[in-house]
Amino acid sequence: MGAYWPHRVAAVLCCVLASASAVVELYDLSHRQIPYGQALRWQQKLYDERRDAARVRLQGKRPAPALRDALLLVQHEPVLTLGTASTVDNIVTRTEDLDFDVVRTTRGGEVTYHGPGQLVAYPVLDLQRNHEA
């Protein structure tokens, strides 16, 4: 992940999900601006690791660690994201006049601005884990 790849934060966030308590790995990079694409790749990597470990556990081929859920805290460099319900027509100014990127996402919603000073939290959660017990 280059210069932005986070070191593991020593703090562990404890929270309650449903009626069971869970430990969540906290990655706090809120003290600097992270490009949107970099944060998206980071989320995908965390998701892929957890998905692959769960598949190995389900297949019973070899023991695989259950990876903790994760919470990423970041602030982004200025960016507009276009969700699945939007088009560039939803942007009220000409995109050529913007001093920052416009990124199409696979997430819901329309146009969202992310930028300096705005704390963004991205949870990477195994929603099935809480239903297995």
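A salt bridge is taken here as a side-chain nitrogen of Lys or Arg within 4 Å of a carboxyl oxygen of Asp or Glu. Under this criterion, Glu-25, Lys-45, Glu-49 and Arg-50 are linked in a network of salt bridges. The model in which this network occurs is a predicted one, and the structure holds seven salt bridges.

The overall architecture comprises two helices and seven strands. Along the sequence these elements follow the order β-β-α-β-β-β-β-β-α. Of the 133 residues in the protein, 31% are buried. Among contacts with a separation of 6 or more, 67% are accounted for by residues 24 or more positions apart.

The largest nonpolar core consists of 14 residues, and those with the most contacts inside it are Trp-42, Leu-46, Ala-70, Leu-72, Val-74 and Tyr-122. At least two core residues are supplied by each of β2 (20-34), α1 (36-59), β3 (69-76) and β7 (120-124). Helix α1 provides the largest share of this core, namely four residues.

Two of the core residues illustrate the contacts made there. When residues up to four places away in sequence are not counted, Leu-72 touches Tyr-27, Trp-42, Gln-43, Leu-46, Val-120, Ala-121, Tyr-122 and Val-124. Val-74 is located in strand β3. This residue counts as buried because its relative accessibility is 0%, the limit for burial being under 20%. With neighbours within four places in sequence left aside, the contacts of Val-74 are Leu-29, Ser-30, Ile-34, Trp-42, Gln-118, Leu-119, Val-120 and Tyr-122. The C-alpha atom of Val-74 is also separated by 9.6 Å from that of Gly-117, a residue 43 positions away along the chain.

The network of salt bridges includes a pairing between Arg-50 and Glu-25, whose closest N and O atoms are 3.9 Å apart. Distant parts of the chain are linked by this pair, since Arg-50 belongs to helix α1 and Glu-25 to strand β2, with their positions 25 residues apart. Both Arg-50 and Glu-25 are buried.

A second pairing joins the side chains of Arg-51 and Asp-48, with an N to O distance of 3.2 Å. Side chains of opposite charge can pair when their charged atoms come close. Arg-51 and Asp-48 are separated by about one helical turn because they stand three residues apart in helix α1. Arg-51 is partly exposed, having a relative accessible area of 27%, and Asp-48 is likewise classed as partly exposed at 24% relative accessibility.

A further salt bridge is formed by Arg-94 and Asp-97, in which the closest N and O atoms lie 3.1 Å apart. Arg-94 has a relative accessible area of 51% and is therefore exposed, the threshold for that class being over 50%. Asp-97, at 45% relative accessibility, counts as partly exposed.

The largest pocket has a volume of about 600 Å³. Its lining is formed by 27 residues, of which Tyr-47, Arg-50, Arg-51, Leu-125 and Asp-126 are the closest to the pocket centre. Two or more lining residues are given by each of α1, β7 and α2 (129-132). The largest share of the lining, twelve residues, comes from α1. In terms of residue character, the lining of the largest pocket divides into twelve nonpolar, five polar and ten charged residues. Arg-50 and Arg-51 thus appear both at the pocket and in salt bridges, Arg-50 with Glu-25 and Arg-51 with Asp-48.

Two loop positions were also examined. Glu-77 lies in the loop between β3 and β4 (79-82). With a relative accessible area of 32%, Glu-77 is partly exposed. Although Glu-77 and Gln-33 are 44 residues apart in sequence, their C-alpha atoms are 5.2 Å apart in space. Thr-106 is found in the loop between β5 (101-104) and β6 (111-114). A relative accessibility of 78% places Thr-106 in the exposed class. The C-alpha atoms of Thr-106 and Ala-85 are separated by 9.5 Å, the two residues being 21 positions apart along the chain.

Conventions. Residues are numbered from 1 along each chain as its sequence is written. This is a predicted model: local features need pLDDT of at least 70, side-chain atom pairs count only at pLDDT 80 or more; totals for chains, interfaces and linings use all residues. Side-chain values use heavy atoms; hydrogens and water are left out. A nonpolar core is a set of buried Ala, Val, Leu, Ile, Met, Phe, Trp, Tyr and Cys residues joined through side-chain atoms within 4.5 Å. Buried means under 20% relative accessible area, exposed over 50%, partly exposed in between (1.4 Å probe, protein chains only). Contact means heavy atoms within 4.5 Å. On a 1 Å grid over the protein atoms alone, a cavity is a set of points where a 1.4 Å probe fits but cannot get out, and a pocket is an open set with protein on both sides within 12 Å along at least five of seven lines; lining residues have an atom within 4 Å of a point. Grid points are joined across faces, edges and corners, and a volume is the space filled by probe spheres set on the points. Ala, Val, Leu, Ile, Met, Phe, Trp, Tyr, Cys and Pro count as nonpolar, Asp, Glu, Lys and Arg as charged, and the others, Gly among them, as polar.
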